[in-house]
Amino acid sequence: MAANMRGLTQFIADIRGARVRELEEKRINKEMANIRKKFKDGNLDGYQKKKYVAKIIFTYILGYKVDVGHMEAVNLISSSKYSEKQIGYLAVTLLMHENSDFLRLVVNSIRKDLDENNEVSNCLALHAIANVGSSEMAEALSEDVHRLLISPTSQTFVKKKAALTLLRLYRKHPTVIPAAEWALRLVSIMDDQDLGVVICVTSLIMALAQDHLDAYAVCYTKAVDRLHRLVIEGEYSATYAYYKVPSPWLQVKLLRLLQYYPPSEDATLRSVLHEVLQTIMNNSAEPSRNVQHNNAQHAVLFEAISLAIHLDASSPLVGTSAVLLARFISSKETNVRYLGLDTMAHLAARADSLEPLKKHQGTIILSLRDKDISVRRRALDLLYSMCDTDNSELIVGELLRYLKVADYALREEMVLKIAILTEKYANSYKWYVDTILQLISAAGDHVGDEVWYRVVQIVTNTEDLQEYAAKVVFEHLKSPSTHESLVKVGGYILGEYGHLIANDTGYSPLEQFQVLHSKSQFCVASTRSLLLSTYIKWVNVFPEIKPQLINIFERYRHVLDAELQQRACEFYSLASRPDDDEVLQNVCEEMPPFPPRVSALIGRLNRKLGDTEDKRTWIHGGKEMNLERHVNSRKATLGPGSSATGTATVTDTADAQDVMSSLVGLNLSSSGDQSDLSRVDGSVVAPRVAVGPNVEKWFNKLTYSADGLLYEDVQIQIGIKSRYQGHLGQLAIYLGNKISVPLTSFTSTIHVNDSEALSATFAKIPPNTLVPRTQSQQLLHVECKKAFSSFPILTVSFLAGAHQSISVRLPISVTKFIEGVKLGQGDFFERWKVIGGPPREAQAVFPIPLDGTGQLDLVRYRQVVSGNHLEILEDVDPNPSNLVAAGVLHTSVDGKVGCLLRLEPNREAKLCRLTVRSTSEDVAMEVLRLIEKLLRSDSS
């Protein structure tokens, strides 16, 4: 750049040649004055503007304040020459902040460069949008960036920059990006041939999917398919093999993306994922001598282990993972130890049994003394997660010993975790009190108020503990140096329960008073206020030391602190009343037990740990805490009061509790609308199905026939061929490409409204490309678990110039799982009577058409009834026009359900009465609805 501009080259040389700062400033001031004069005079050509703006940029980079050249930089962006446009964009991104008024002037120029069929101009514009990223720019240009990303004519490096620009805009202004609206189109790019594009788009989808799980659910199949092609089939170019590991960055992102979603119920996807994870673990079983190869392999391996834990913490894969992790936490490599401990903490947070981890407890405890603070922090997290009732005393004891020598950066977090573990896994209340008081003594200033609040609450609520707590805290107060938090605990407990130990040797009222009051001179005003409350309690129960206490109240009546003075005056007045006065006794009654409530310690810990851009799918603290977090997460995401970023409110429930809520006796339970919780069912809105007279006709025919056409347009044809046996069925779905170009990024998904009643899964992951003028077959396995009433929906999406999505109902009804039964006349009517009338009978009367000769279309009626798998019984009904049928519905959960049908058409009235009786009222209603609809559609 400077080589083409001699003036810039000379200016840089002069600056570098300046021996002292004064000479440098003098040269810069001279140049700035010259530039101002040139800009003021005007009539500068593009080269001169470029040269002067470049000098301004260099001056700005040196750290000098620049207040000139902004308008010239805006003008350079509009230049047709690359060198001038480049300097203009560089100046805009460096000299202008996101709230600058000048940015409004460049939006149209940037949009023009985005619209140009010139990839260099596209990239310069994308760089500027990503670097500045103002709200106004995001609103104005996000659609243009999205268009560049999805355009089939965009170059691969333009697509990559466009994806990362959208990611930047979404992180800064999430409300500007219509994430749910763009979901299917963005996910389709995960099938791009260029892995670089796939990596960038996956990064974008990871950010979007965290906040819009349902909208991006289709990315789950895409991620599994891409992992299978990378790891199993080796489908990647040599460019993306990093030390023989296929695109480790993409593998890590895909494995992390899958952890955002609950484990799939699709057996095919589970099988493919298991194969992928097993292969990754086998490939990493033996370390290589090449450090870079090891790093890449370990990055993928640790994410694969995390996914295996997420899918099923009790699977054999996780057992293999535990063995590998044990090796890693003893590694000489710091990074490997760090990742091993972090992943083991994930295992501890999800595992049903902690026994495999307890075998390595000694190694983990030694990691607390690792030379690297990040490793020490991970060891602390792991010990916190793997603690239970069996090893709590050992782990808490080790943490207390380490606390005395721990880094100051770790101490506050350690104190919170020790306090939580001590309370949660205490085998006895005495051990709890001993440990917490040791913690307060050892940690000092790192003990938050929440810790001693919680001690007070537990002691108050546990009557058997009160005398012991009073003695222990008194012994701690005898030590020469006592932290103020311990003085607060001592003041409260001795004030409430000091009378329980007053008759024991060494714990007399006078001794209690002397020990406690000796600490008050080193305490702040708030602690002294608490001690005054302790003294007024003692006035009531220890009359022998009343003179000393009144003397203290008298002294504090004249202090400058308003709170202390007010308390002292009030307490002095109370203490001076006659001994038989009941006011003092009523005021100084013992504190009642606190209502049970969640500890504020966990909320404080979650607040301290905060959140990151890539939100964790688990938290430290064991399986129980993670299950609770998952429930809260669903409530926060699906509830009407959820935030734009769904998971950001996961810990808000604990955080919302005020510190003092552990002490005050108020009922803070929510009185809001409880109906919100009924919405937390994880249900997904069904896609909108294609409509049209032909579509409806094809679908109705398939509901009572085994094969036929389901959907057809100018581009694609969908056909069905099915067979059913008992409660199982198999559909062959034929997908035909009718055009002369391939349908790329082809995706097939099944939406089942009630997965507990019907399951539908593809036999294998569908191919992502349909070759021109050919047909592809996909096998769909279905299982009827219980009676159901809604049809599954097949959604196919593909790229054919533009992105298209088609949703059609699949003709899978409850009658498909009925098997016809032959019955005689006597057996039929006997069962008909046994079942009886409503509610196990469903009946409807509706109009029917006559055929061309004015007769009943009995052949059609028989087709509909037999097509719904009911056996038509001959010579059962005395009226030859009536149809009688019987069948048994097979389900895997509810077993067999009998079903009887009687169809009575009337030619004169042009009406038909349809009666269905079943041992299940739901089945009776559904069979009636299905057959009536078909017969009615015939009449229309």
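In the predicted model, Phe 11 is buried, its relative accessibility being 0%. This residue belongs to helix 1 (residues 6-17) and is matched with Phe 58 of helix 3 (residues 46-61), a pairing that links distant parts of the chain across 47 residues. The two rings of Phe 11 and Phe 58 adopt an edge-to-face arrangement, with 6.1 Å from centre to centre and 80° between the planes. In total, 17 aromatic pairs are present in the structure.

A further aromatic pair is formed by Phe 699 and Phe 791, whose ring centres lie 4.9 Å apart; the planes stand at 90°, and the pair is therefore edge-to-face. Distant parts of the chain are again linked, since Phe 699 is found in helix 35 (residues 693-702) and Phe 791 in the loop between strand 8 (775-784) and strand 9 (793-800), with their positions 92 residues apart in the sequence. Phe 699 counts as buried because its relative accessibility is 3%. Phe 791, at 16%, counts as buried as well, because the cut-off for burial is under 20% relative accessible area. The ring of Phe 699 also has a charged group over it: the charged end of Arg 809 sits 4.0 Å from the ring centre. A comparable placement of a charge over a ring involves Lys 430, which lies over the face of Tyr 468 at 5.2 Å from the ring centre. Elsewhere, ring pairs join Phe 513, Tyr 535, Trp 538 and Phe 542 into a cluster.

Arg 809 also falls within strand 10 (802-809), one of the edge strands of an open sheet. This sheet is made of 3 strands in the order 6-9-10, with antiparallel pairing. Strand 6 and strand 10 each have a single partner strand, so one side of each has no neighbour in the sheet. From one strand to the next, the twist averages 15°. Strand 9 and strand 10 run antiparallel and are joined by 8 bridges. Within this part of the sheet, Val 796 is placed opposite Ile 806 of strand 10.

The loop between strand 6 (744-751) and strand 7 (758-762) contains Asn 753. In contrast to the buried phenylalanines described above, Asn 753 is exposed, because its relative accessible area is 57% and the cut-off for exposure is over 50%. Asn 753 and Arg 376 are separated by 377 residues in sequence and by 48 Å in space, C-alpha to C-alpha.

Among the helices, helix 22 (residues 408-424) packs with helix 23 (residues 429-443) at an angle of about 170°, and their axes are 10 Å apart. Helix 22 is therefore roughly antiparallel to helix 23. On the side of helix 22, the contact involves Val 415, Ile 418, Ala 419, Thr 422 and Glu 423; these residues meet Trp 431, Tyr 432, Thr 435, Ile 436, Leu 439 and Ala 443 of helix 23. In an α-helix there are 3.6 residues a turn, so residues three or four places apart point the same way.

Helix 37 (residues 858-867) has Tyr 861, Val 864, Val 865 and Gly 867 as its buried residues. His 869 follows helix 37 and has a positive phi, near 70°.

Strand 14 (residues 883-890) is largely enclosed by the rest of the structure, because 7 of its 8 residues are buried. Several strands pair with strand 14, including strand 11 (residues 818-820), to which strand 14 is joined by 3 bridges in an antiparallel arrangement. In this pairing Ile 818 is positioned opposite Leu 889 of strand 14. Strand 13 (residues 871-872) likewise pairs with strand 14 in the antiparallel sense, here over 2 bridges, and Ile 872 stands opposite Ala 885. Strand 15 (residues 896-906) is another antiparallel partner of strand 14, with 8 bridges between them. Gly 898 in strand 15 is the bridge partner of Val 888. The hairpin of strand 14 and strand 15 has 5 residues between the strands, and Gly 895 there takes a positive phi near 80°.

Key:
Residues numbered from 1 in each chain as written. Predicted model: local features only at pLDDT ≥ 70, side-chain atom pairs only at ≥ 80, totals over all residues. Heavy atoms only, no water. Helix = DSSP H or I, 4+ residues; strand = E, 2+ residues; numbered from the N terminus. Buried < 20%, exposed > 50% of the residue type's maximum accessible area, 1.4 Å probe, protein only. Phe/Tyr/Trp six-rings, centres within 6.5 Å; stacked < 30°, edge-to-face > 60°. Lys NZ or Arg CZ within 6 Å of the ring centre and 35° of its normal. Pairing = 2+ DSSP bridges. Axes fitted to C-alpha atoms, helices over the stretch in contact; angles between N-to-C directions. Parallel < 35°, antiparallel > 145°, perpendicular 65-115°, else oblique. Contact = heavy atoms within 4.5 Å.
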